[in-house]
Protein chains: 2
Amino acid sequence: MRDYSGQKDIMENIKEYMKGVGQAARAASRIMAQADTALKNRALTHIAAALQNQSAQLLAANAKDVAAARANGLDEASIDRLTLTDKTVHAMADGLLQIAQLPDLIGSISDLNFRPSGIQVGKMRVPLGVIGIIYESRPNVTADAAGLCLKSGNAAILRGGSEAIHSNQAIAACVHAGLAAAGLPETAVQVVATTDRAAVGELITMNEYVDVIVPRGGKSLIARITDEATVPVIKHLDGICHVYIDDEADIDKAIRIADNAKTHRYGVCNAMETLLVSMSVAAKVLPPLCKIYLDKGVELRGDAASCALIPEMTLATIEDWSTEYLAPILSVKIVAGLDEAIDHISIYSSQHTDSIVTENYTRAMRFLREVDSSSVMVNASTRFADGFEYGLGAEIGISTDKIHARGPVGLEGLTSQKYIVLGSGQIRV
Amino acid sequence: MRDYSGQKDIMENIKEYMKGVGQAARAASRIMAQADTALKNRALTHIAAALQNQSAQLLAANAKDVAAARANGLDEASIDRLTLTDKTVHAMADGLLQIAQLPDLIGSISDLNFRPSGIQVGKMRVPLGVIGIIYESRPNVTADAAGLCLKSGNAAILRGGSEAIHSNQAIAACVHAGLAAAGLPETAVQVVATTDRAAVGELITMNEYVDVIVPRGGKSLIARITDEATVPVIKHLDGICHVYIDDEADIDKAIRIADNAKTHRYGVCNAMETLLVSMSVAAKVLPPLCKIYLDKGVELRGDAASCALIPEMTLATIEDWSTEYLAPILSVKIVAGLDEAIDHISIYSSQHTDSIVTENYTRAMRFLREVDSSSVMVNASTRFADGFEYGLGAEIGISTDKIHARGPVGLEGLTSQKYIVLGSGQIRV
């Protein structure tokens, strides 16, 4: 395990400290890139065992964080995210065992074809190198992110929330024990030992040592990192997701999907925030659907036409169309048809996930082509936008970027491809 | 064609002007994303015809730029890059016809598989949106970049060098004529009408309107853009390429490859800048190889061991190992073997292209795995690192980044993938 005894001195020179972390990560990344599948899986299995075996210590460390959070007046939702239980420790360990089961992408070669010059050209999948992950209160991210980076052959620098520092370091101790047991360098996963925010500023500008930053947290954290980072960022901004109920929607499917997309869970990025309904079916679909919402305590904010149909609805303001509620609130708009729906989505969607409900082939195809979001769906709940549901096995986040990785980011998103050329003495003529 | 008559007023308000360019590009990008293959190919064919038909006007516009460049005392190499001839105009037109022949990647769906929940999940290839391209003196980039962006369904904002403004606008006129003839918006390809450098500052920070920046030019241009851009950049930095001649190299292949990699062309990014030779074969390979170099006028700078073998060699300094000469100069180092070669490359390579010459299977495989460069080769000249040679059909540049696109960037590098979900009423349970 790393020695954190010098923490006070460390704090006095964050820049030097972070440089050391970066250099160690870069060196470890070269070893991790060459580590074979069995070695990486052995480390994952050892880390999972360590988490299980040291469950009592983890919960004790976590209790310190929770007590401090309460003393500092942190809100209940944050304390809830911060708190570890036997169940969450078990889930962390289980997640790592699942990652061990996933195929190892590193070293795989694709599209190896002969060219007219006689050389063979293909692509080999390789790790990105060093991944910096900046996250907020959930300490389980420490284990998840470490596992994903490890399996994809990367070194990781983890910077969790200051409120979770004891929990994160206790989890890091298990990660280091597992790496050591497998004969891999402990510096392959480093948890930043200082809670000073200056460490984040260093991490996101150390282009020499860090290849990509993955921020996980609220909008303000991500906005700050995007503004200040010089290292490339794979980011997740808002999830303002839409369901559009088309003229030719199957009404039963429409109600089931629109209900599920909003009410299955409120505080998640793939929950629907705005419902669009084609005017020709609004009178048929909105009354029964809104009854379901109102029975579940969902506040409804609609345009004038929707309000005319549903007396309990209040008039939406222009801000509502661009708000990610993450709460039992839904905005509703009646549109003339597909074109207006796509126009609305192109203006207000955060390009996370949007879904159409329709039985019409041509409109389904148009929606798939024309909506520019990371996930575009036909006749399915937006709640499916998720790495596990998509079969990625695990995810480090959902990217709302277009560059590099888009949508749920699994192991593949943490890798790159290099060209390989196999020749037998060829030269350019 | 766009109206540039208000250019004086435009110059007075670069910010407003660039915002207008950005908004027009964003609007055009939505139309381009839906344009079908035939329409895009028709535009490419019309642009090619316009370039051929207006060859005289192009050369006249170019002559103005060349005269101004001479008057301003631009160096001969830059004037050479700036000058258009009948042949280069023909090559531009031909390049566009070749792009028309390439397969259209947009809308292609891959990996569409059923998941246990009953949904089908796949990926659809989509354009990035708006691509900003910043380049220096070669005016043919205007046609190449326009063609690649057009075929990949993107809108483009092109900012060429101020010394090529008349040439670039004459080429842009052909591009606009071709787009219009195909019924596509002329704003799909905009050439920035001002030579004010502030326009570049705007372009690389208009995250709302621009999805990616591709700089093409010298190191200082790229360094400035990387530093100041908030829009993601696909960049090409140095090409410090290595050839390593292993103990078990076929000596004939080694000499042929090392000769070609250095002397086929000197001023290109995929030329070898440092030759590494295993000590066990140095005495055999270096004398005949260095004779070839010296006969061709290549200056040789070596470590002490190489200098001891080759009297004409001067002692290399530490700077030589990290210098991209782009000239008939070569640095040479004798290493103990593969490990030292890989270590040297990991420190000094610019991660562009590195090649090993060996008949040994295990060392070839190790080199392929362990060298972290965008192209890694066995028994082939580094000069093959090129979009055409790799079969990409055309390239917008060679990326030395790891994120998004690595190595030669063709049409695929200008696209992204979104997830599509095909359901039949599924909800999350």
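Which residue in β16(A) is the bridge partner of A:Gly122? The partner is A:Ile420, and the first view below shows the strand pair to which this bridge belongs. The model shown in every view is predicted.

**View 1. Strands β2(A) and β16(A) pair in the antiparallel sense.**
Eight bridges hold the register of β2(A) against β16(A). A:Gly122 is bridged to A:Ile420 of β16(A). Another position in the pairing is A:Val126, which stands opposite A:Ser416 in β16(A).

**View 2. Strand β16(A) pairs with strand β13 of chain B.**
The two strands run parallel and are joined by five bridges. On the β13(B) side, which comprises residues 375-380 of chain B, B:Val378 stands opposite A:Leu422. B:Met377 of β13(B) stands opposite A:Val421.

**View 3. An open sheet of ten strands contains strands of chain A and chain B.**
The strand order is β1(A)-β2(A)-β16(A)-β13(B)-β12(B)-β7(B)-β8(B)-β11(B)-β9(B)-β10(B), and the pairing is mixed. At the edges are β1 (109-114) of chain A and β10 (314-315) of chain B, each of which pairs on one side only. Helix α12(B) packs on this sheet, where it touches β7 (241-245), β8 (272-278), β9 (299-302) and β11 (329-335) of chain B. The direction of α12(B) makes about 145 degrees with that of β8(B).

**View 4. Chains A and B each bring 55 residues to their contact.**
In chain A, the elements that each supply at least two residues to the side touching chain B are α2 (14-34), β2 (120-127), α11, α15 (361-370), β13 (375-380) and β16 (415-426). The most is given by β16(A), with eleven residues. By class, this side of chain A has 20 nonpolar, 21 polar and 14 charged residues.

**View 5. A rotation of 180 degrees superposes chain A on chain B.**
The shift along the rotation axis is 0.0 Å, and the RMSD of the superposition is 0.0 Å. The relation is therefore that of a two-fold axis. Within chain A, A:His404 has the C-alpha nearest the axis, 1.8 Å from it. Both copies use the same surface, as 100% of the contact residues of chain A recur in chain B.

**View 6. Helices α11 and α12 of chain B cross at roughly 35 degrees.**
The helices comprise residues 251-263 (α11) and residues 279-295 (α12) of chain B, and their axes come within 10 Å. The crossing of α11(B) and α12(B) is right-handed. From α11(B), the contact is made by B:Ile251, B:Ala254, B:Ile255, B:Ala258, B:Asp259 and B:Lys262. From α12(B), the residues are B:Lys284, B:Val285, B:Pro288, B:Leu289, B:Ile292 and B:Tyr293. The contact residues of the two helices divide into nine nonpolar, no polar and three charged. Helix α12(B) is also the helix that packs on the ten-stranded sheet of View 3.

**View 7. A:Ala249 lies in the loop between β7 (241-245) and α11 (251-263) of chain A.**
A:Ala249 counts as buried because 27 C-beta neighbours lie inside 10 Å, where 20 or more are required. Leaving aside residues up to four places away in sequence, A:Ala249 touches A:Ala254, A:Val281, A:Val357, A:Thr358 and A:Glu359. A:Asn72 is 177 residues from A:Ala249 in sequence, and the C-alpha atoms of the two residues are 51 Å apart.

**View 8. Four strands of chain A form an open sheet with parallel pairing.**
The order of the strands is β5-β4-β3-β6. The edge strands, β5 (189-191) and β6 (212-216), each pair on one side only. Neighbouring strands of the sheet are turned by 20 degrees against each other on average, direction ignored. Between β3 (residues 130-135) and β4 (residues 155-159) of chain A there are five bridges, in the parallel sense. Among the positions in this pair, A:Ile131 has A:Ala156 of β4(A) as its bridge partner.

Terms used:
Residues numbered from 1 in each chain as written. Chains lettered and ligands numbered in written order. Predicted model: local features only at pLDDT ≥ 70, side-chain atom pairs only at ≥ 80, totals over all residues. Buried ≥ 20, exposed ≤ 12 C-beta atoms within 10 Å, placed from the backbone. Contact = placed C-beta atoms within 7 Å. Nonpolar A, V, L, I, M, F, W, Y, C, P; charged D, E, K, R; others polar. Pairing = 2+ DSSP bridges. Least-squares fit on C-alpha atoms with pLDDT ≥ 70 in both. Axes fitted to C-alpha atoms, helices over the stretch in contact; angles between N-to-C directions. Left-handed = near helix turned anticlockwise from the far one by under 90°.
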